[in-house]
Amino acid sequence: MAKHVEYENVSSDYLEHRQLRRGAAGWVLLAGLGVSYVISGDFAGWNFGLAQGGWGGLLVATVLMATMYTCMVFGLAELASALPVAGAGYGFARRALGPLGGYATGIAILIEYAIAPAAISVFIGDYVKALGLLDATWPVYLACYVIFVGIHLYGVGEALRVMFVITGVAVVALVTFVAGMIPKFDASKLFDIGDGSFLPMGVTGAWGAIVFAIWFFLAVEGVPLAAEEARDPKRDMPRGIIGAMVVLLVFAAAILLVAPGGAGAKALEASGNPLPEAVRAAYGGDNFLAQLVNYVGLAGLVASFFSIIYAYSRQLFALSRAGYLPRWLSKTGKRKTPYLALIVPGTVGFVLATIMKTADPVTGGARLINIAVFGAALSYVLMMVSHIVLRKTAPDLPRPYRTPGGVVTTGVALVLAVAAVIATFLVDEVAAAVTAGIVVIAVAYYWFYSRHHLVANAPEEEFAAIARAEAELD
């Protein structure tokens, strides 16, 4: 057994009440899930990077983050095919870095996935308000959580199919937006912030813009969380996550070019609904395209909101099932959905969105982004370290898919992930401090309680136990 850790063997009844529905998703649904996680980042959030670094700074930041995510996705594709468990990043780090390393990774991921829907609900409220449908925002947040958590409670297969349809509608909206903005493109509009130079805020501004460039790709790494519900995870996981990444790269390039290039970067730097505002700025007022993008754009925000709910519930489910967090959070109902892992973070997210938007109507959503990004970047560092460590310590681990370039590829992702962590401090020290504080409290809970009550039968712990037994035999 791992040093300083105590395990309990639970009855078969314990795991019977903590089972997910197997075989619910093939690789196409998994790719759709990956796009769905992220697609809201094309509709809102990325544009705050224009204020941070100008268009050139945001471009540099986006290229760096596109490189990081591409390299990371190749590494995660290998890890997901080798260790297909619902814990995903936590499970990978648990095998490579031990219980504390795995738990810390899981907590960082959970922060990302619990906070991101709160930020997205703020943007949904901004889009609804822009349409004149409802001026009050908190009822919109409440409706989002009640409706979409409810669909997830009904069943994972149904939820993934609804998500796939919503994502398809959002993709149509993005394609329509890009096509409509191309005729209005003017390269000079990209540089109307500051002194008009490529890097008006210098290198520091470009570095700070990393926090917002991440929004083009944030949460695609959550695809492996569906491993225990996939039809053939060893084959489907790599195809699903890589396919999703290809789509996201295309959209990031298109949106970053035509939105500020058609409307002007200055017009979008502080917008809560940048795509409709881009159309209005480019065409000199409201029109059918602006209304279409505004209405259908809600589908993009809803798609990510809806799918990240799935992600946070599976991460919390895995940590709870293994005993790292209170075990009652991992119970599943008759439809094999972890109902408490869906409801509890949803309640927290609704409260956070309401408080942050009330406290700061302009930048409340941006601060939530920063907290989510800090948790994400920290988890990326730990997951890439895990890939490198497992290549060294477990060379014979069956790997149905192998990362092109091996540890060099994940090493590049690791360096850029460290840069992203530092960027969060540069942009928002308060958000970084809040996230760090949550991690410290969570680690204290582990140290004083949960490490003495881990569940030996949990899949992630069984993987580690098998590895230890093989090492002892060798």
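Visitor: Which residues line the second largest cavity?

Guide: A cavity is a set of points on a 1 Å grid, over the protein atoms alone, where a 1.4 Å probe fits but cannot get out; lining residues have an atom within 4 Å of a point. Here the lining consists of Ala88, Gly89, Ile109, Tyr113, Glu221, Gly222, Leu225, Gln315 and Met383. Helix α5 gives the largest share, three residues. This is a predicted model, in which local features need pLDDT of at least 70 and side-chain atom pairs pLDDT 80 or more, while totals for chains, interfaces and linings use all residues. Residues are numbered from 1 along each chain as its sequence is written, and side-chain values use heavy atoms, with hydrogens and water left out.

Visitor: How many cavities are there, and what volume does the second largest have?

Guide: Volume is the space filled by probe spheres set on the points, which are joined across faces, edges and corners. Two cavities reach 30 Å³ or more. The second largest holds about 40 Å³, and the largest about 50 Å³.

Visitor: What lines the largest cavity?

Guide: Tyr37, Val38, Ser40, Gly41, Ala116, Ile120, Trp215, Leu218 and Ile308 do. Helices are DSSP runs (H or I, at least four residues), numbered from the N terminus. α2 (27-38), α3 (40-43) and α5 (89-130) each supply at least two of the lining residues.

Visitor: How do the linings split by class?

Guide: Ala, Val, Leu, Ile, Met, Phe, Trp, Tyr, Cys and Pro count as nonpolar, Asp, Glu, Lys and Arg as charged, and the others, Gly among them, as polar. The largest cavity has seven nonpolar, two polar and no charged lining residues. For the second largest, the lining has five nonpolar, three polar and one charged.

Visitor: Which salt bridge links α15 and α4?

Guide: A salt bridge puts a side-chain nitrogen of Lys or Arg within 4 Å of a carboxyl oxygen of Asp or Glu. The structure holds seven. In one of them, Arg391 meets Glu78 at 2.7 Å, N to O. Arg391 lies in helix α15 (residues 364-393) and Glu78 in helix α4, so the pair ties together parts 313 residues apart in sequence.

Visitor: Where is confidence highest, and where lowest?

Guide: pLDDT is the predictor's confidence in each residue, from 0 to 100. The chain averages 88, and 92% of the residues score at least 70. Among the elements, helix α4 (residues 48-82) has the highest mean, 96, and helix α18 (residues 459-473) the lowest, 61. Where pLDDT is low, the predicted coordinates should not be read in detail.

How values were computed: On a 1 Å grid over the protein atoms alone, a cavity is a set of points where a 1.4 Å probe fits but cannot get out, and a pocket is an open set with protein on both sides within 12 Å along at least five of seven lines; lining residues have an atom within 4 Å of a point.
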